[in-house]
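Colleague: I should like to learn how to read this structure. May we go through it one feature at a time?

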Amino acid sequence: MKTMAMLRATMLAWIVLCGVATATDGRVGQAQSPDERAVAYTTPCGEPKALLTEIWIAGKDDAIPRRIRTFLGPPGDIWFTPGGKGIVYRQRGLSYTAFGSYLCGGREVPLVGDRTWRMSADDSDASLRPLTEDADLSAMAVDSATAVARTPDFEDALSLAERQVTQGALSGIDSALRLCAKAREMARRENFPAARRAYKAAARAFDALHRRYRKAGISEADCRSYVKALNRCADVDDDGLRQAVCRERVPVLGDLIRLYAQEHGDVLPSSLDTLYTWMEGRVDAQPDADVRARDVRVLRHLFHCASDPDESRRISFVYRTEAAGDSPALTCLWHRGVALNLVGQPEAFDLEAQALSADQVDSLTGVADACLAAGDMSRAILFLGGVAQQREKDADAYTRLGHACLKAEDYTRARWAFETAAHMSRGEVLSRAYYGLGLVCLAPPQDLSCPRGRIVWGKGCSCITRSTT
Ligand SMILES: [Zn+2]
């Protein structure tokens, strides 16, 4: 009796654990066959986020449905094919929560894009492949929006052993996602070797899923896209990893812009500085000191691009309030050969990576000149800094940046820019860099009454003399 009671308790525990199959994150979706004799269902597995979706099918009067497939990720859309012999399933990718997005309601980023699969309703396919992107879904799927069916009891349809396999698969996916999170965190902290190791480990974990949990219905083709995506992340160079961090960050800034507009009568922030200051005010209102400290750190990371060589710069991005038109609302110019743009309207911003040609980099210099002429020094310096970053061996680009910083009385950045130019140039270009350095040294205020002031003054004179000889 005692053994039976323990067995019942164990089974109850598993049912509670595995009850996630029909729970919470995402509804149970359904599609009705064209002859109205069968219904296909999608059921989410996993809490608090659905990590797997089971595809079930049942005759209209069947009490017990039959599971035919399991896909990674939360439930997507499901249809029958026109003849009723097949099922089309639009799969959604597993996702992670973007860094800092908790400040504005959270943002989920899929690890892989949506994919569409076609399978036979009796699961007679020996292998399964996703359809190509250009597949005509309207020709192969029947609109089942009117399908209404009672939800069968999925709990009773699988044995305890089958449920245990599903539970194991959920744990395996959770472990793989934790490795992905570790990789992203290491990349954010610029520990790139550790990030690559974690991405590789995550790829291996996804590769093992279909072998270890084939009985749960997970296919190799499903896991393969995750393996490819994660191996690609592991193979990029350091700036590629910084760019991946920035690609996650820029849309969150878009969410903050939208949040600001929502709370200011649909008026966009006049500058990113305004947005930052407003967010700091919200953070300061937090009663918990630890939460405040965490949020201050998060804000600092969100507004700064890791590829921006100036770590002291508060805001790394170019922002345009007139963004409602075709121009991007926000741009990051710090990744070589590419501009990351936030495009579209505030209610639906989108990230767009734009390859930068030499002509486009030239045009950025023109934009910077226009900003200089208009007295918008901070924006001019951002554009000129971006141009210098794009042309890392162009001493003139750094010299131009140095003069803009000098004009803005930002002597620390001016000195860095002229010194960088001097290190990479010779001849006339070197003279211009020294001339700039001399101007930085001679810039007011100068205290010639102290030894250090006299040394700096002498160095400035020496630089200018050197630039003219
Ligand atoms: Zn960036």
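Colleague: How many helices and strands are there in the protein chain?

Modeller: Please note at the outset that this is a predicted model. The protein chain contains 14 helices and 13 strands.

Colleague: What percentage of the residues count as buried?

Modeller: Of the 469 residues in the protein chain, 37% are counted as buried. As for contacts between residues at least 6 apart in sequence, 53% of them join residues at least 24 apart.

Colleague: How is the length of a helix to be checked, and what span should helix α3 have?

Modeller: One multiplies 1.5 Å by one less than the number of residues. Helix α3 covers residues 160–188, so its 29 residues should span 42 Å, and this agrees with the 42 Å between its end C-alpha atoms. Just after α3 comes E190, which has a positive phi of about 65°.

Colleague: At what angle do helices α9 and α10 pack?

Modeller: Helix α9 (residues 358–373) packs against helix α10 (residues 377–390) at an angle of about 160°, and their axes are 8 Å apart. Angles over 145 degrees count as roughly antiparallel, and α9 is therefore roughly antiparallel to α10. The crossing of the two helices, α9 and α10, is left-handed.

Colleague: Which residues make the contact between α9 and α10?

Modeller: From α9 the contributors are V361, L364, T365, V367, A368, C371 and L372, while α10 supplies R379, A380, F383, L384, G386, V387 and Q390. Sorted by class, this contact of α9 with α10 comprises 10 nonpolar, 3 polar and 1 charged residues.

Colleague: How does one judge burial for a single residue, and is R432 buried or exposed?

Modeller: One counts the other C-beta atoms within 10 Å, and a residue with 20 or more is buried. R432 has 21 such atoms, so R432 is buried. This residue, R432, belongs to helix α13 (residues 427–442). F418 lies 14 residues from R432 along the chain, and their C-alpha atoms are separated by 8.6 Å.

Colleague: Where is G344 placed?

Modeller: G344 is in the loop between β12 (338–343) and β13 (350–355). With 17 other C-beta atoms within 10 Å, G344 is partly exposed.

Colleague: With which residues is G344 in contact, leaving aside its neighbours within four places in sequence?

Modeller: With those neighbours set aside, G344 is in contact with F349 and D350. In addition, the C-alpha atoms of G344 and P328 are separated by 7.1 Å, although the two residues are 16 apart along the chain.

Note on methods:
Residues are numbered from 1 along each chain as its sequence is written. This is a predicted model: local features need pLDDT of at least 70, side-chain atom pairs count only at pLDDT 80 or more; totals for chains, interfaces and linings use all residues. Axes are lines fitted to C-alpha atoms, for helices over the stretch in contact, and angles run from 0 to 180 degrees between N-to-C directions. Helices (H or I, at least four residues) and strands (E, at least two) are DSSP runs, numbered from the N terminus. Angles under 35 degrees count as roughly parallel, over 145 as roughly antiparallel, 65 to 115 as roughly perpendicular and the rest as oblique. A crossing is left-handed if the near helix is turned anticlockwise from the far one by less than a right angle, and right-handed if clockwise. Two residues are in contact if their C-beta atoms, placed from the backbone, lie within 7 Å. Ala, Val, Leu, Ile, Met, Phe, Trp, Tyr, Cys and Pro count as nonpolar, Asp, Glu, Lys and Arg as charged, and the others, Gly among them, as polar. A residue is buried if 20 or more other C-beta atoms lie within 10 Å of its own, exposed if 12 or fewer, and partly exposed in between; C-beta atoms are placed from the backbone.
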